[in-house]
Amino acid sequence: MQVEDPAKAGMAADRLDRIEPYFRARYVEDERLPGVLTAVARRGQLVHLAASGRRDVERDLPLTADTVFRLYSMTKPVTSVALMQLYEQGAFQLDDPASRYLPELADCGVHVPGGGRVAAEGPITIQHLLSHTSGLTYGFLNETEVDALYRDKGVGDLNARGDLASMMTALADLPLLFEPGTRWNYSVSTDVCGRLVEVLSGEGLDEYFAAHIFEPLGMVDTGFSVRPDQQDRFAACYVPHQGAALGRPVDGSRRGLHRIDDPETSSYLEPPAFLSGGGGLVGTAADYLRFCTMLLNKGELDGARVLGRKTVDYMTVNHLSSGGDLTSMGRPRFSETSYDGIGFGLGFSVMLDPARAHVMGSAGEFAWGGAASTMFWVDPAEELIGLLLTQLIPSATYPLRREMKVLAYQALVD
């Protein structure tokens, strides 16, 4: 990736130069992150790219621009784009009941606290799935009785032995957390969208992604597993030791990190049975920047059109039934970020009001992140893309995303 003169894109080089030292001094040298990669692009030019720290602390291997990262929930926008490609072809309408194509979802009742369920007043629609207002959930949220039922069945587990079809069978036995469309809740909805892609296209999700998104966009390093030729670039994944947020060694350790996935023995080295549209991809900064640039360009990159202009516009407006932010839909906070002033579209969070969100940005910017503290955003008003990649779980450990946004926006001068 070639970094261009920031001045030509209306950004100050000396201000962009604040980004790398900030994360290195505050997080990498303090051993709170193993390493971090940051990138900023504006007006079609890459104006900042920096990598510091290590992709594998134990082996003392540097984090480099071509490091392969676990994208986790940054997979969700890719799955949403895939499903909306099929929408453009007339395969479904957004208000169609999902059960028209996935009959397993026809009789999901709504959970009654303490046990039992009541019939839902309306069906889960495909729009509900894309906007996380379906009533589905995640077991790892550890908040409700329904979450516990998901954990018991292993629904949404990236290491599940079954495929997406078997997940639909498991969902048929689980209640909804709430009436579809009435609340927002992060969930396996995008995995269900992945299964819809398979059913509507007749292709496996991996095959569909490769043929209709990755190959057209030149995303050569993105997939559901790490190829043998990528393994020497694959990062390890970590969690903080207890107390590591204080930035000092704990429990006699020389560092504040504990490796939970070794790149030499990781399950990602083999193609998975469960092709998680919600969190299964690995990839590089270069590839994800190409995906983001396609979105900023309204569906096109280097002559390859992946989506129509109007489709991208439609996906990136607020689709919450309240017309308000995520707080108004019962979710005031997720990860480390307040959701005041943040809405949700079809696969992305959407900035409604930067003042209410308490962070610099623009109305209309769209974004999402992953469980290993990764994030991206696209700001059409400023023609700006930001990307931060690291490998630390959980994503709520540090306010990296807000800090990265401030550091990028303060460099705008034109």
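Reader: Which element gives the most to the lining of the second largest pocket, and how should a pocket be read?

Author: Rolling a probe the size of a water molecule over the atoms shows where empty space is left. A pocket here is an open set of points on a 1 Å grid over the protein atoms alone, where a 1.4 Å probe fits and protein lies on both sides within 12 Å along at least five of seven lines, and its lining residues have an atom within 4 Å of a point. In this structure, helix H9 gives the most to the lining of the second largest pocket, supplying five residues, while S1, strand S2 (45–56) and H9 (285–296) each supply at least two; helices (H or I, at least four residues) and strands (E, at least two) are DSSP runs numbered from the N terminus. The model is predicted, so local features need pLDDT of at least 70 and side-chain atom pairs count only at pLDDT 80 or more, whereas totals for chains, interfaces and linings use all residues. Residues are numbered from 1 along each chain as its sequence is written, and side-chain values use heavy atoms, with hydrogens and water left out.

Reader: How much space lies in the second largest pocket, and which residues are the closest to its centre?

Author: About 320 Å³ lies in it, a volume being the space filled by probe spheres set on grid points that are joined across faces, edges and corners. The lining has 17 residues, of which Ala41, Gly44, Leu46, Leu289 and Thr293 are the closest to the centre.

Reader: How do I read a salt bridge such as the one between Arg42 and Glu382?

Author: A salt bridge is a side-chain nitrogen of Lys or Arg within 4 Å of a carboxyl oxygen of Asp or Glu, and the structure holds 23 of them. For Arg42 and Glu382 the N to O distance is 2.8 Å, and the pair links distant parts of the chain, with Arg42 in strand S1 and Glu382 in the loop between S17 and S18, 340 residues apart. Arg42 counts as buried (under 20% relative accessible area; exposed is over 50%, partly exposed in between, with a 1.4 Å probe and protein chains only), at 3%, whereas Glu382 is partly exposed at 25%. By contrast, Arg24 and Glu20, whose closest N and O atoms are 2.7 Å apart, are separated by about one helical turn because they lie four residues apart in helix H2.

Reader: Is helix H12 largely enclosed or open?

Author: Eight of the 10 residues of H12 (residues 400–409) are buried, so the helix is largely enclosed by the rest of the structure. Among these buried residues are Arg401, Glu403 and Lys405. The buried residues pack (heavy atoms within 4.5 Å) against elements including helix H2 (19–28), strand S1 (35–42) and strand S17 (374–379).
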